[in-house]
Amino acid sequence: MSDKHSVPEVSISQRLAQGIVDARPEQSPEARSTGRRMLMDIAGIAVAARAQPYVRAALDALDQDGPCTVFGHTRRLGAEGAAFVNGTAAHGEDFDDTYEGGPVHAGVVIVPALLAAAERHGMRGSDFLRGVAVGAEVMCRLCAVAPTKVHKAGFHPTAVFGVFGAVAGIGAALRLTEQQLTDAFGIAGSLSSGIIEYLADGSWTKRLHPGWAAQSGYRAVRLALGGFKGPRTVFEGSHGVFHGFANTLDGNFDAMLDGFGQKWIWPTIAFKPYACGTMCHPYIDCAREFGKLGLDPATIASIECEAAEGVLHRLWEPLDLKQAPPNGYAAKFSVPYAIAVAILRGDAGLGEYDDEIVKEPSIIGLARKVTYVVDPDNPYPKQFTGHVKVTLTDGKIHEFRQGYFKGGVDHPLSDDDLTRKFHANCAYGGLTATDSAALLAHIDKVFDSEKVDFSAFAR
């Protein structure tokens, strides 16, 4: 065809659907270990957040009870409700996994979506794993089509791409046909959403994005199973997803589809050591290195950082707001705050983003000394880096660089690291050590189970 934007004979969603039907992710040697790490991490974070007011609000907003587990709660919900609450809880503290090529948070959409579908439909553990693998893979691969453009257009990639990942995962696990998958992707385009205006005041809407994507993916699959039709050009069409959410009709779909089903990228997903926006993490590590010098923070005159242009609108600007975030959630998306709290408290865990901690004058005072310059050669989004240049009142300079994200592909957290994080999160959420150990033991065997069921851990 002469017009590259005319309707193709075989659309992108049809090609993707064919790849999903043929995919055998269980043959990947990393599938089981990555799936376990992802499930363990998401479950622990959801438990940690279970008493938070935004989780209670999400739970109270739902009327339909059902057969599906909500981590940390005795109440059980229908599939869509459980997917929504678990996704909201697991993302609410911004402690969940990240795909560095996005950035996008795959586990926080895919695990809640697949767990709800598994319990609703009596799924075997092996199909649950298949769905997790395919769903995470699709969600990560969508990031290659138009890198950084979704964020720049004012949307949250996890929210926009998440519904398609959920469709792919649930569709793979339930063995949808190519036509059903194509329809489900088409339907999902009208259910995709998520603006990033939460950055203005630290309000809660980002927290619900993965839950909404998870529940919407399930709804799209159920509609397709019932024969509901969706546009097959949902991705590349002149009114499709990338036109609407990335302001482009020139997406690189070959980058997304190349090697699908043979080369798996989802095992490169990174797990967070700190409870904040991923791109803050290398800066935190640099700040902690300065802290190890044992110098008096009062002697700091200024802190200058090199930053990627692509993250300025989310993590650095407006600078006066980022230097004095209004609440703990807003602080999670502030590099100046992350550097200050890492120097003064030596960490950036759940406790460091408490609303009262964020208001401490010493932290705000130090954050106001943090500024940035743009590094035109920064490799973002392919790589997340950190740089902190501390100038003291006596003129001495201490400079630190980190060319990777700790927890990412270049410096992954070990299984022991993630296990400690899981137990710490469960304890933060009020689980006893015995209950935490029992939940982990169940996670360890779920992919071999005849029927996925977490109801014993709804408490």
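Start by selecting H7, the helix that gives the most to the lining of the second largest cavity, with three residues. Keep in mind that this is a predicted model. The second largest cavity holds about 80 Å³, and of its 13 lining residues, Gly102, Ala146, Thr148, Pro157 and Phe161 come closest to the centre. Put H7 (149–152) and H8 on screen together: these are the elements that give two or more residues to that lining. By class, the lining splits into nine nonpolar, three polar and one charged.

Next, stay with H8 (157–173) and add H14 (312–315), as each supplies at least two residues to the lining of the largest cavity. The space there is about 170 Å³. Show His105, His151, Lys206, Met279 and Arg314, the closest to its centre among 18 lining residues. This lining has eight nonpolar, seven polar and three charged residues. Still hunting? The whole structure has six cavities of 30 Å³ or more.

Now for a pocket. The second largest one offers about 330 Å³, and 15 residues line it, with Tyr99, Gly101, Ala144, Ala255 and Ile265 nearest its centre. Colour H6 (125–141) and H12 (253–257), the elements giving two or more residues to this lining. Its residues come out as nine nonpolar, two polar and four charged.

Last stop: H17, residues 335–345. Nine of its 11 residues are buried, so the helix is largely enclosed by the rest of the structure. Select Val335 through Ile343 to see the buried ones. At the start of H17, zoom in on Ser334, where a side-chain oxygen gets within 3.0 Å of the backbone nitrogen of Tyr337. After the helix, click on Gly346, with its positive phi near 75°.

Definitions and conventions:
Residues numbered from 1 in each chain as written. Predicted model: local features only at pLDDT ≥ 70, side-chain atom pairs only at ≥ 80, totals over all residues. Heavy atoms only, no water. Buried < 20%, exposed > 50% of the residue type's maximum accessible area, 1.4 Å probe, protein only. Helix = DSSP H or I, 4+ residues; strand = E, 2+ residues; numbered from the N terminus. Polar contact = N/O pair within 3.5 Å; in protein donor to acceptor, adjacent residues only side chain to side chain. 1 Å grid on protein atoms, 1.4 Å probe; cavity = no way out; pocket = protein on both sides within 12 Å on 5 of 7 lines; lining within 4 Å. Points joined across faces, edges and corners; volume = space filled by probe spheres on them. Nonpolar A, V, L, I, M, F, W, Y, C, P; charged D, E, K, R; others polar.
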